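This report describes a protein structure in plain terms. Please look at the sequence and the model before reading on.

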Amino acid sequence: MAIVHVVSNVPNVERYQPDACIDILWPCECYTVMLLASTYCELNFLESTVLQLCALGMKDKTQIKYLLGLEHELVEFICDKLEQMCLIDERMTISAEGITLLKKVKNHAVDVVTVNIYWNKITRQFLPMIIQPVTTQQCSSDNREKLTLSIGNTGQQKNITAYHLSSDNHSVAPMEQLTERSILNIIERFKRLNRKNSLLSNIRSHRYPSQSQQINIITEGKEVFIHCLAFIPKGDDKPMVCDGFFSSYDVDLTKAFKHEYDLIKILKKSKKKFASKTSKDLAQQKKQRINLQKHYQEITEEIASDSFDRSALEEKKTLYINSVYALIEKKFTTMALQYREAEWKDHFTSNVHQNGRVITEFARQLDFTLLEADEYNNTINNKLVNPLFLVKIGSINYLNLTQPEMKPALAMLLLSATLSEQHPFKVMAETYPDLFQRLAKLHHYRNSLSHGDLAILEHISKHEFSKIHQLFTSIIDDEDMDIFVEHTTQPKWLQDDTRFIHREQLLALFGHYLIERVDNAVLKLMEQALSSANSNDGRLRVNALTGALQQSLFIANTVLISSEHKPKPANQYLQIVKKRWGNFLPENLLKTAGNNIKRAANGVDSTLGANLIIYLAYESDHNSKVLKKSDSQLVNQIAKLIEIRGHGGAVIGQQTELDKLEQTTFKFIHFLIENYCD
């Protein structure tokens with residue numbers, strides 16, 4: 001009987017809308033390390049700056065806004081957070097706790113902490129993780145391929161069957177020694193990853209310095225298994241793997257997992273079972289809708305002649321209202337997860353009333369009607385709508401299909417609708433502007449009934465039940481909401497338009513998952529490149545390709561360039577790139593203006609050549625090797641694209657060359673999306 005040690009952070013991939021999912025245990029070596037860490041990580045840079053201004057006696061938010069060059073909403077958000085942390089009061093006067101925290105910030109307090117570092121035994125590299133020690137779970141198994149373990153908190157545990165991978169059938173490359181230098185590299189990688197995933201994870205970490213400090217390796221590597229999830233996202237057939245810490249898609253783990261042919265077969269078999277279950281669920285939903293239709297007819301036709309009939313009718317009415325509410329709640333939760341905004345925490349706070357004001361503004365921007373007329377025909381606020389928008393930030397964070405909730409789902413949908421060009425709620429606002437007035441009444445009825453207030457049924461007329469039924473049929477329909485959006489917002493001619501065809505081409509090249517992650521401006525430029533591919537003059541195509549790559553590199557650089565990095569002279573960046581990619585660099589890259597390189601190094605969008613140089617200089621050794629292995633001529637090809645772009649004029653007779661450059665550009669953008677867009 002084998003004893004294995006498992007590290008499980010209960011990974012979750014619901015935001016990827018998986019069609020199939022299996023639990024896997026990834027073999028690693030765990031090292032315990034001691035190093036120095038900053039202990040004043042309660043506030044970020046902007047929050048500590050605003051707090052220092054409050055300490056200096058500045059109490060005018062408008063003055064702070066102009067002084068720091070920030071949006072008014074952001075200043076409001078920061079001040080609300082500082083007030084909730086009891087660092088300032090409502091008059092923006094700093095508290096004793098705030099003064100103590102500022103002293104810590106000024107003294108740059110550091111302390112010795114113990115952390116775990118993991119070596120991936122399959123990919124043969126250290127994970128970009130600096131994690132405070134977690135308790136491993138000891139599991140015994142007679143099966144060499146899988147074992148059963150319990151995950152979750154006490155009282156909410158569940159047993160799962162996980163497949164543990166073996167490192168025997170993979171690379172036999174020698175193990176890299178854990179040294180001070182390698183730990184510093186891991187810290188840099190972890191900072192980038194943590195910055196990208198901080199909004200999607202509950203992981204909190206210290207601030208680890210990037211310089212050589214007191215680093216001591218306490219224990220040698222101990223074999224552990226990291227609990228990860230392999231899944232197939234909705235609308236795709238390619239397996240993906242999330243890491244066991246942030247629950248985010250991991251490129252390296254996915255590439256290694258693709259060698260596990262038997263497990264991929266199990267995953268695809270799981271997808272078939274999921275499809276079968278989905279069909280059964282749809283059949284069950286259809287049956288439920290038929291029953292609700294029957295209940296509605298009985299409610300509107302029946303007349304209660306005695307107390308027994310009255311009691312039966314009340315039961316049918318209660319069941320109908322609860323069922324309609326539950327179905328709409330589940331529908332909206334499904335949509336909210338599909339349209340989930342990664343940076344939603346930037347818009348909400350722990351203050352429910354502040355969230356209510358923000359959500360109300362979102363609804364108004366979409367032109368939903370939130371007001372009603374009183375008995376004197378005066379316009380007043382609908383008192384039932386307001387409670388629908390008072391949502392806790394925790395309920396938005398833990399939104400899931402197993403426990404759907406109306407209020408956080410609506411908050412996420414209204415936010416995403418204000419940021420998306422095409423969204424179901426934009427269609428709903430046009431078709432049903434009084435949606436929230438109707439939902440608010442349904443929410444009020446359902447809450448009253450759940451508290452045993454059957455008297456509320458006496459106030460619901462047959463006409464009101466008719467309006468509830470109309471709401472139900474308009475939202476819970478056999479036709480999927482996305483199709484409803486497409487049919488409503490796109491005329492027939494647009495479906496046959498070439499841009500629609502080119503979007504399908506990009507879907508084939510990048511897959512549904514990656515195409516959803518790509519920046520909208522990059523997506524449009526790639527579509528433009530495809531639409532102009534057959535033109536006699538390649539000028540538009542070249543401009544579109546260079547524009548898409550320039551924007552993609554800029555996005556990657558914003559992740560790669562840490563705020564702690566001090567910009568170097570332009571020549572030093574060129575030397576770094578020469579060292580990594582060979583001493584010979586194309587002449588037009590060597591002639592890139594130093595001022596443009598400086599702009600790119602400072603995190604400002606610059607020319608394609610400057611963005612490329614900064615990217616190649618900051619990219620990790622591992623990713624650089626992957627790029628060189630996939631295309632050793634990558635730098636030369638991009639330099640060629642820059643050369644063709646030149647300074648204007650027609651591009652004639654270079655169709656074959658541009659076809660190759662387009663393939664290289666799209667492949668490079670694919671790599672950048674995988675690693676730096678989420």
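## Loop residues

Ser632 is exposed, with 54% relative accessible area. Here exposed means over 50% relative accessible area, buried means under 20%, and partly exposed is in between, with a 1.4 Å probe and protein chains only. The model is predicted, so local features need pLDDT of at least 70 and side-chain atom pairs count only at pLDDT 80 or more, while totals for chains, interfaces and linings use all residues. Residues are numbered from 1 along each chain as its sequence is written, and side-chain values use heavy atoms, with hydrogens and water left out.

Ser632 sits in the loop between α25 (621-630) and α26 (634-645). Helices (H or I, at least four residues) and strands (E, at least two) are DSSP runs, numbered from the N terminus. Between Ser632 and Trp581 there are 8.7 Å from C-alpha to C-alpha, and the two are 51 residues apart in sequence.

Asn12 is in another loop, the one between β1 (2-7) and β2. Asn12 has a relative accessible area of 39%, so it counts as partly exposed. Along the chain, Asn12 and Phe246 are 234 residues apart, yet their C-alpha atoms are separated by 8.8 Å. Leaving aside residues up to four places away in sequence, Asn12 touches Leu229 and Ser247; such a contact means heavy atoms within 4.5 Å.

Two further loop residues have a backbone angle worth noting. Most residues other than glycine have a negative phi. Arg124 is not a glycine, but its phi is positive, and the phi of Asp367, also not a glycine, is positive too. The table sets out the angle, place and accessibility of each.

| Residue | Phi | Loop between | Relative accessibility |
|---|---|---|---|
| Arg124 | about 60 degrees | β3 (110-120) and β4 (125-126) | 23%, partly exposed |
| Asp367 | about 70 degrees | α9 and β10 (371-373) | 58%, exposed |

## The protein overall

The protein has 27 helices and 11 strands. Of its 678 residues, 46% are buried. Among contacts with a separation of 6 or more, 74% join residues 24 or more positions apart.

## Two buried residues

Where is Glu29 placed? Glu29 belongs to strand β2. Its relative accessible area is 16%, and therefore Glu29 is buried. Not counting residues up to four places away in sequence, Glu29 touches Ile117, Tyr118, Trp119, Lys121, Met175, Gly221, Lys222 and Glu223. One of these, Lys121, is 92 residues from Glu29 in sequence, while the C-alpha atoms of the two are 7.0 Å apart in space. With another, Lys222, the side chain of Glu29 reaches the backbone nitrogen at 3.5 Å.

Thr664 is part of helix α27 (residues 655-676). Thr664 is buried because its relative accessible area is 11%. Apart from residues up to four places away in sequence, Thr664 touches Asp631, Leu634, Gln637 and Ile638.

## Helix α3

Helix α3 covers residues 72-84, which makes 13 residues. From its first C-alpha to its last, α3 reaches 18 Å, close to the 18 Å expected at 1.5 Å a residue; the expected span is 1.5 Å times one less than the number of residues. Val75, Phe77, Ile78, Cys79, Asp80 and Leu82 are buried in α3. The cover over these buried residues includes α1 (45-55), α2 (61-68) and α9 (352-365). Just after α3 comes Cys86, with a positive phi of about 60 degrees.

## A cavity

The structure holds 5 cavities of 30 Å³ or more. A cavity is a set of points, on a 1 Å grid over the protein atoms alone, where a 1.4 Å probe fits but cannot get out; lining residues have an atom within 4 Å of a point. Grid points are joined across faces, edges and corners, and a volume is the space filled by probe spheres set on the points.

The second largest cavity encloses about 100 Å³. Its lining has 14 residues, and those closest to its centre are Leu127, Asp243, Gly244, Phe245 and Leu253. Strands β2 (18-38) and β8 (216-233) each supply at least two residues of this lining.

What classes of residue make up the lining of the second largest cavity? There are 10 nonpolar, 2 polar and 2 charged residues. Ala, Val, Leu, Ile, Met, Phe, Trp, Tyr, Cys and Pro count as nonpolar, Asp, Glu, Lys and Arg as charged, and the others, Gly among them, as polar.

Key
On a 1 Å grid over the protein atoms alone, a cavity is a set of points where a 1.4 Å probe fits but cannot get out, and a pocket is an open set with protein on both sides within 12 Å along at least five of seven lines; lining residues have an atom within 4 Å of a point. A polar contact is a pair of N or O atoms within 3.5 Å; within protein, one must be able to donate a hydrogen and the other to accept it, and residues adjacent in sequence count only if both atoms are side-chain atoms.
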